[in-house]
Amino acid sequence: MTDAAVRPKKPATNTRTPAGGAPTAAHTAAEAHEPRIHVDTVTDLLLGTWAQTRREAREMIKDPALWKIEGLSVADHRERVFGQLQTLVDNNGSRRAFPKKYGGLEDNGANLAGFMELVLADPSLQIKSGVQWGLFGSAIYQLGTEKHHDAWLRDVIELTLPGAFAMTEIGHGSDVAAIGTTATYDPETEEFVINTPFRGAWKDYLGNAAVHGRAATVFAQLITGGVNYGVHCFFVPIRDDEGNMLPGVQSEDDGVKGGLNGIDNGRLAFDHVRVPRFNLLNRYGDVAADGTYSSDIPVPGRRFFTMLGALVQGRVSLDGAATTATALALHIAITYAGQRRQFDSGSGSDEVVLLDYGKHQRRLLPRLAQVYAQFFANDELLRTFDGVFSGRTDTPDERENLETLAAALKPLSTWNALDTIQECREACGGSGFMADNRLVGLHHDLDVYVTFEGDNNVLLQLVGKRLLNDFAKQFKGADAAKLASFAAKQTAGKVFHGAGLRQLGQAVTDFGSTARSVELGLRAEQQHELLAERVRQMIEDIAGRLRPASKASPAEAAAIFNANQAELIEAARAHGELLQWEAFSDGIAGISDPGTAQVLGWLRDLFGLHLIEKHLAWYLINGRLSAQRAASVSKYIDRLLLRLRPHAQDLVDAFAFEPEHVRAPIASGAEQERQREARAYYADLAAAGEAPVSEKSLKKK
């Protein structure tokens, strides 16, 4: 029997029978006499608004020519991925976001939905395509004007003009406003002079920079008439048609990385490289022939953030791609855990399936609940993105909302990807460490996602500042009566939570059946209250501690903020978790099938209670939970795990990954075949009377 990474598709079925013998636990909902999910219904929910585009992308990447091959040299992997980009062009993958005038399809939501699925083929392909069309091409489209679109967009879409997105500098990273590259206008020649003044201003980590790029969208400080007007974007050719560097442009290869080695990341520097005034992407700021600067956005800070906001799609797509990759890891680990047997149960019967062990359920099923929440949250984020970028809901408030959502969700999903993929790797033992089972490669490739498009902690700090601003708006222009009312509520809250009144109420409720009282007291509405109250209280506390900064010197104010930075980031993280829980609840609210609604309700509860368990210390310290109820949270989670165990395979099957997407031998049915073969062997020995007697049984006699 040969392990096959890709097995023929089996007929769809909702019934699973253990591979012979009596199971140690109910493996299916039918065996447990419980409701079960309708797998196709859940698949539709998870694929979301652009389900059809996702299915089209998955059909395309069944082609083995798009699959990652482990062990390729860096050079061969790069050339393979660059060649794969043409397949995307041929299948309209490069066209979805761009205007029809240039051969595009003008469907922003579909563009990102299809892009997210490419992680199943090869994360290097996904990110390489994101560099070409989501960064380089998008910068031309979103920051340029029609003359720039006419000049370059068709070639970008068709891949005849591959390019790099030259924003990040080795010396400033996420601090784009402080980059060192300059673009100084020369009115005599009507040219900008692009210059890298010192080593820390080299552009770095740029896809397409080391080998394939012919041009770059370069972010630089625009200087004209002796005035620095801040960061703007310029189209700068970097190589000729033969791949030779153009005069004044320097390139270095980043070489081997921790992952994503199919992308030719590199560095760029510019030694007084001249480009025409035409090459300033001037949607948000322009320079006249005489050097006069103009912009429809007069406030420099707002102009800068508007330009960056036009490129928010990177964060949206990373959130979704990380979620899809995490789901793939869980599919592999849970499928394997449902087939792999280890240690007998002590009753002399069959060895126990890994997923029947309580610890195995604890390590995988809460993470399954988390990734379900991420799917629902990402679809909400994607709908918000599509509304803004299509123009239907493109208002300043909605753009700010989009940026906040993306900055809140991308950190959680990318951090969770690393955590979950590693846990899945360990849960699969030595098999998980084998490259052909994909978990190690996924972890390597997704590692950099946590710092792509901004370090996660920096993004959460942006979210925290938004929460503080929203909190402050409640009191802008407030009269004495409103402030007095707020103060009274705060005092009442502290007495209520801190003096034991709520704890007393919970103790009364908890009298009797702990299981029943916890279930009654930690249902959806209570979960939401606890999660939302944590965010509100954390922001309120931080705002109170920051209040003296308004009357302090700049240095003192910075010190006060710095002292509260960690708490602010944690509050923003709590806000992101709340958004995911709400999206999960909204996503399952309209399910009509009772069994599906019941099981997904349990999964949502597992997600919510796992969050509460993770932060139990906070809830206890702040008097939000009684000690008795806090102690019961973990017990209720264990009850939910037992309820969900029979549905585990259905829940990962609902991801709708086909064998060509999974490509992991341990999730191909090979393990189940091995187990069946082993058990048949021992059964035949016993039937023939040839089975040896164990030493232990002799000693017992």
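Biologist: How many of the 25 residues of α9 are buried?
Modeller: Happy to help, and do keep in mind that this is a predicted model. Buried here means under 20% relative accessible area. Helix α9 is largely enclosed by the rest of the structure, because the buried residues number 24 of the 25.

Biologist: How far apart are the end C-alpha atoms of α9, and what span should its 25 residues have?
Modeller: Helix α9 covers residues 313–337. At 1.5 Å a residue, the 25 residues should span 36 Å. The expected span agrees with the model, where the end C-alpha atoms of α9 are apart by 36 Å.

Biologist: Thanks! Are α10 and α23 roughly parallel or roughly perpendicular to each other?
Modeller: The axes of α10 (residues 358–390) and α23 (residues 627–644) come within 10 Å and cross at roughly 85 degrees. Angles of 65 to 115 degrees count as roughly perpendicular. The two helices, α10 and α23, are therefore roughly perpendicular.

Biologist: Which residues in α23 do Q361, R362, L365 and P366 in α10 meet?
Modeller: By class, this contact of α10 with α23 has six nonpolar, two polar and two charged residues. On the α23 side, the partners are S634, I637, D638, L641, L642 and L644.

Biologist: Now for the sheet: which strands stand at the edges, in the order β4-β8-β7?
Modeller: The three strands form an open sheet with antiparallel pairing. A strand with a single partner has one side left without a neighbour in the sheet, so the edges are β4 (203–206) and β7 (249–253).

Biologist: And which residue in β8 stands opposite L206?
Modeller: Strand β4 is joined to β8 (residues 266–270) by two bridges, and the two run antiparallel. The residue opposite L206 in β8 is G266.

Conventions: Residues are numbered from 1 along each chain as its sequence is written. This is a predicted model: local features need pLDDT of at least 70, side-chain atom pairs count only at pLDDT 80 or more; totals for chains, interfaces and linings use all residues. Side-chain values use heavy atoms; hydrogens and water are left out. Two strands pair if DSSP finds at least two bridges between them. Helices (H or I, at least four residues) and strands (E, at least two) are DSSP runs, numbered from the N terminus. The expected span of a helix is 1.5 Å times one less than its number of residues. Buried means under 20% relative accessible area, exposed over 50%, partly exposed in between (1.4 Å probe, protein chains only). Axes are lines fitted to C-alpha atoms, for helices over the stretch in contact, and angles run from 0 to 180 degrees between N-to-C directions. Angles under 35 degrees count as roughly parallel, over 145 as roughly antiparallel, 65 to 115 as roughly perpendicular and the rest as oblique. Contact means heavy atoms within 4.5 Å. Ala, Val, Leu, Ile, Met, Phe, Trp, Tyr, Cys and Pro count as nonpolar, Asp, Glu, Lys and Arg as charged, and the others, Gly among them, as polar.
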